[in-house]
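Please load the model in your viewer and keep the sequence panel open beside it. The tour below moves from one selection to the next and says what is to be found at each stop.

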Amino acid sequence: ARRELDRSVASASPRQRLDWLEQALVFAQASGALARAHRTRQESRLALWQASEVQRLLAAHGFPSELTPIKSEGDIDLTTPLYEMGIQGIFTRSLDIALLENRIDIAVHSMKDVPTQLPAGIIQAAVLKRGAVSDLLAFKTDSSFLNDPSYIANIATSSIRRKAQWLHRYPNHQIHNLRGNMQTRLQKLTSEPWDAAIFAQAGLERIDLRPENSITLDWMLPAPAQGAIMIVCRSGDPHAYEACRYFNDDTTEMCTAIERAFLRGLLGGCSTPVSALSILQNDTIHFKGNILSPEGQKIVQIEKTATLKDADQLGQKAAAELLANGGQEIARLIQLQSKTLS
């Protein structure tokens with residue numbers, strides 16, 4: 001579908017391109033970004049930042065736009081841990097429906113929340129230049145408890161990936177569910193009897209909410225496509241597609257495609273204990289990936305490098321190699337637990 005759109009754009013007349021430039025695009029942001037006239041105290045500042053950033057980029061290339069408020073299912077149920085909800089696309093499905101019903105023209109997502117298989121009729125239009133990829137630990141007082149093997153720390157996160165990696169490193173710690181937008185989660189850390197909570201570095205830093213009491217978790221491998229923002233549109237809408245291609249970042253698009261291919265080759269969902277990171281250095285792609293059992297007891301890891309011409313197959317090959325070297329057992333365990341929860 002994307003190739004067909006590229007051909008449509010390439011063959012368009014100057015008059016058609018001018019018409020497209022004059023067409024306003026309406027778009028929505030996952031996790032409940034609201035039009036500025038409807039901002040409330042509970043609104044997600046991160047969702048609004050991401051939507052506003054895309055709006056700014058569109059305006060810079062001559063495309064006026066407006067924000068449309070849409071609440072995702074993942075933001076409505078804030079009590080059930082994500083890994084117990086067992087639903088792929090819980091942060092994107094409401095926007096997919098709005099797109100397919102022509103209520104909006106593009107949707108903006110945190111890319112790590114997007115299922116690896118997009119719904120029929122929806123395609124990836126662009127990926128913004130990637131932000132920080134790491135996770136960080138925000139703590140109440142200090143992080144000295146990390147150096148005390150006998151201390152049973154209380155750590156908050158709703159991510160099964162973060163939970164698994166944390167328990168693999170600190171098996172005696174207790175993990176607690178933490179849901180809500182960035183502001184809500186930081187407030188809960190203050191009010192609950194927890195020692196620390198895990199956040200995505202990019203999210204907190206984009207809205208200037210990173211606490212002084214925080215450290216980057218360099219040892220924790222991020223979720224596939226963490227730190228990246230994806231824009232999607234309808235497959236039959238070359239106007240929206242071309243508008244977004246103006247600010248697509250090719251390197252981020254390639255690296256996140258590798259990571260998502262790795263995820264798809266293993267389990268395919270965003271609520272799984274799978275991590276991946278691709279970095280381009282001097283025309284060489286460096287890839288790291290892993291899969292853990294949900295409680296962190298077992299882990300299988302892989303590292304690979306590839307040239308740019310082999311980039312398309314790197315994620316799939318890494319997934320197949322990891323499965324053949326012990327990952328299949330963990331994947332079966334995760335699938336069995338997912339069936340039990342559903």
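What follows is a walk from the whole chain to a strand, a pocket and several single residues.

**The whole chain**

Begin with everything selected, keeping in mind that this is a predicted model. The chain holds 12 helices and 13 strands, and of its 342 residues 55% count as buried. If you switch to a surface view, the exposed area comes to about 15800 Å², with carbon and sulfur atoms supplying 48% of that area. Among the contacts in the chain with a separation of 6 or more, 70% are between residues 24 or more positions apart.

**Strand S5 and its partners**

Next, select residues 135-139, which form strand S5. How many of the 5 residues of S5 are buried? The count is 5 of 5, so the strand is mostly covered, given that buried means under 20% relative accessible area. With side chains shown, Asp135, Leu137 and Phe139 point one way from S5, while Leu136 and Ala138 point the other way.

Now add residues 196-200, strand S8, which pairs with S5 in the antiparallel sense over 5 bridges; within this pairing, Asp135 stands opposite Ala200. Add residues 214-217 as well, and you have strand S9, which is joined to S5 by 4 bridges and also runs antiparallel to S5. Here the bridge partner of Leu137 is Ile215.

**Two loops that adjoin S9**

Keep S9 on screen and select Asp208, which has its place in the loop between helix H9 (201-206) and S9. Its phi is near 55°, a positive value in a residue other than glycine, and Asp208 is exposed, with a relative accessible area of 69%.

Then move to Ala225, in the loop between S9 and strand S10 (229-234). Is Ala225 buried or exposed? Ala225 has a relative accessible area of 0% and is therefore buried, the cut-off being under 20%. The phi of Ala225 is near 70°, again a positive value in a residue other than glycine.

**The second largest pocket**

Select Asp218, Trp219, Leu221, Lys288 and Glu303 together, since these are the residues that lie nearest the centre of the second largest pocket, out of 23 that line it. About 530 Å³ of space lies in this pocket. To see which elements contribute to the lining, colour helix H7 (160-169) and strands S11 (274-281), S12 (284-292) and S13 (299-307), each of which supplies at least two residues. Which of the strands gives the largest share of the lining? That is S13, with 6 residues. By residue class, the lining divides into 10 nonpolar, 8 polar and 5 charged residues.

**Helix H6 and Ser44**

For the next stop, select helix H6, residues 93-100, where the buried residues are Ser94, Leu95, Asp96, Ala98 and Leu99. Just after H6, select Asn102, which takes a positive phi of about 65°.

Finish at Ser44, which lies in the loop between strand S1 (25-29) and helix H3 (45-60). Ser44 is buried, with a relative accessible area of 9%. Draw a distance from its C-alpha to that of Gln183, and the viewer should show 7.5 Å between two residues that are 139 residues apart in sequence.

How values were computed
Residues numbered from 1 in each chain as written. Predicted model: local features only at pLDDT ≥ 70, side-chain atom pairs only at ≥ 80, totals over all residues. Heavy atoms only, no water. Buried < 20%, exposed > 50% of the residue type's maximum accessible area, 1.4 Å probe, protein only. Contact = heavy atoms within 4.5 Å. Areas by Shrake-Rupley, 256 points an atom, 1.4 Å probe, with all protein chains shown as cover. 1 Å grid on protein atoms, 1.4 Å probe; cavity = no way out; pocket = protein on both sides within 12 Å on 5 of 7 lines; lining within 4 Å. Points joined across faces, edges and corners; volume = space filled by probe spheres on them. Nonpolar A, V, L, I, M, F, W, Y, C, P; charged D, E, K, R; others polar. Pairing = 2+ DSSP bridges.
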